[in-house]
Amino acid sequence: MTAQGLEERAAAVLSPEAFAYIAGSASAERTAAANVSAFDRHRIVPRMLRGTAAADARDLSVEVLGTRLDAPVLTAPVGVLDLVAPRGEVLVAEATKEVGIGMVLSTAASSTIEEVGAAAGDWWYQLYWPADDEVARSFVQRAEQAGAKAIIVTADTPGLGWRPRDLEQAHLPFLLGKGIANYLSDPVFRSRLATAPEESQEALQLAILTWIGMFGNHSVRPADIARLKEWTDLPVAVKGIQHPDDARAVVDAGASGVVVSNHGGRQVDGGIAALDALAPVAAAVGDRADVLFDSGVRSGADVLIALALGAKAVLYGRPWVYGLGIGGRDGARHALRSLLADFDIAMGLAGCARIADLGPETLHAAP
């Protein structure tokens, strides 16, 4: 099933609130659409008679941020997965482990860091840096202890964008206590509460209000990356980078990588398509840090194009979430396997046996 097919099927089976939360983007959703259409400006130039179409001729493995993956793909950090499936993050951890790719766990998860760490293979932890450094430090150290292999700091969400689909449904899951499992289970966060949230509905509501005051941190600056690195021995990357100067700033501060991303178009409507930001960022810091890409990947050809433009790996978002909502772990696994098979075949038919074979010469500008 194509990414579009998964979306259409998910729209039919998910609740209106769940589908709106996953599918929706900022304002008129122009940037979300631009993320997908940006790939149309690039065409793959296949090379012939290289023997790469044989199934055993290709090695798609890659090492990125010190993690070895069977293919250059990780699931993007998507929050509140219990909107689409109970224990959603754990099911995704199991599926990614089975297919040999990485998982990036969102801070805004419905399952705890420890639950996911017990089920996952190679996984990273995505940090929404809360406005309480001790809670942030606790999250990072819990992730390291649970087996995460990298920390991904999201920089593009100091607050939520204007998301009309959620507003039309009058639905923000966090206000119902969903997607804050890592907070409610955190000893430092709990120390900020007068009463344990599980004791009563009133105590839970007070915990949610505490979370509201803590989510979104407008004070984080590139220099804080050095401070974060004092909390952990794991490599740190910064997600949400779209300008070369921002990439240079975080790498200069100690980041081992950057993720070129506009949050799937969920933050700044009318912003640059993420793919259009990739090559300039890779040119700026690709010799000093690992560059990853997120936002708009829908096919194997998209993965190939992003790698040719300078990414070492991609983060894949909405389609596997639709698969999770349609069929649980099996649905997520199907969506991931479909992308990987598509990418593998595209590589072989384009005459590329290894990720290192990809580069600007692999592409031609579309007319």
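Student: Quick one to start: is R58 buried or exposed?
Tutor: R58 is buried, with a relative accessible area of 15%. Keep in mind that this is a predicted model.

Student: Which residue does R58 form a salt bridge with?
Tutor: With D344, and the closest N and O atoms of the two are 2.5 Å apart.

Student: And where do those two sit in the chain?
Tutor: In distant parts of it, 286 residues apart. R58 is in the loop between β1 (42–44) and β2 (62–64), while D344 belongs to helix α15.

Student: What about D344, how does that one count?
Tutor: D344 counts as partly exposed, because its relative accessibility is 23%. Buried would need a value under 20%.

Student: Why can side chains like these pair at all?
Tutor: Opposite charges can do that when the charged atoms come close.

Student: How many salt bridges does the structure hold?
Tutor: There are 19. One of them joins E114 and R142, with 2.8 Å between the closest N and O atoms.

Student: Which helices does that one tie together?
Tutor: E114 lies in α5 (residues 113–119) and R142 in α6 (residues 133–146), so the bridge links parts 28 residues apart in sequence. R142 counts as buried at 7% relative accessibility, whereas E114 counts as partly exposed at 37%.

Student: OK, and what do the side chains of R227 and D224 do?
Tutor: They meet in a salt bridge, 2.7 Å from N to O. Both are in helix α11 (residues 224–231), and being three residues apart there puts about one helical turn between them. D224 is buried at 13% relative accessible area, and R227 is partly exposed at 27%.

Student: Which residues do shared partners join into one network?
Tutor: E98, D330, R333 and R337, joined by salt bridges that share partners.

Student: Let's switch to strands. Which residues of β9 are buried?
Tutor: Strand β9 covers residues 257–260, and G257 and V259 on one side are buried, as are V258 and V260 on the other. Both faces of the strand are covered.

Student: Why do they split over two sides like that?
Tutor: In a regular strand, side chains alternate between the two faces of the sheet.

Student: How many bridges join β8 to β9?
Tutor: Four, and the two strands run parallel. β8 spans residues 236–241, and A237 has G257 of β9 as its bridge partner.

Student: What do β8, α12 and β9 make?
Tutor: A right-handed β-α-β unit, with α12 being residues 244–252.

Student: And how does the chain get from β9 to β10?
Tutor: Through helix α13 (residues 274–285), in another β-α-β crossover that is right-handed. β9 and β10 (residues 290–294) also pair in the parallel sense, over four bridges. For instance, V258 has V291 in β10 as its bridge partner.

Student: New topic: how many residues of helix α2 are buried?
Tutor: Six of its eight, so to speak of the helix (residues 16–23) as mostly covered is fair. The buried ones are A18, F19, A20, Y21, I22 and A23.

Student: What covers them?
Tutor: The cover includes α1 (3–13), α7 (164–169) and α15 (318–349). Helix α15 is also where D344 sits, the partner of R58.

Student: Last one: which residues make the nonpolar surface patch of about 360 Å²?
Tutor: L175, L206, L209 and I212 make that patch. L206 is in helix α10 (residues 201–214), and its 47% relative accessibility makes L206 count as partly exposed.

Conventions. Residues are numbered from 1 along each chain as its sequence is written. This is a predicted model: local features need pLDDT of at least 70, side-chain atom pairs count only at pLDDT 80 or more; totals for chains, interfaces and linings use all residues. Side-chain values use heavy atoms; hydrogens and water are left out. Patches are made of residues with over 30% relative accessible area and no salt bridge: like charges are joined within 9 Å, nonpolar side chains (Val, Leu, Ile, Met, Phe, Trp, Tyr) within 5 Å. Accessible areas come from the Shrake-Rupley method with a 1.4 Å probe; for residues, only the protein chains shown count as cover. A salt bridge is a side-chain nitrogen of Lys or Arg within 4 Å of a carboxyl oxygen of Asp or Glu. Buried means under 20% relative accessible area, exposed over 50%, partly exposed in between (1.4 Å probe, protein chains only). Contact means heavy atoms within 4.5 Å. Two strands pair if DSSP finds at least two bridges between them. A crossover is right-handed if, with the strands pointing away from the viewer, the path from the first strand over the helix to the second runs clockwise.
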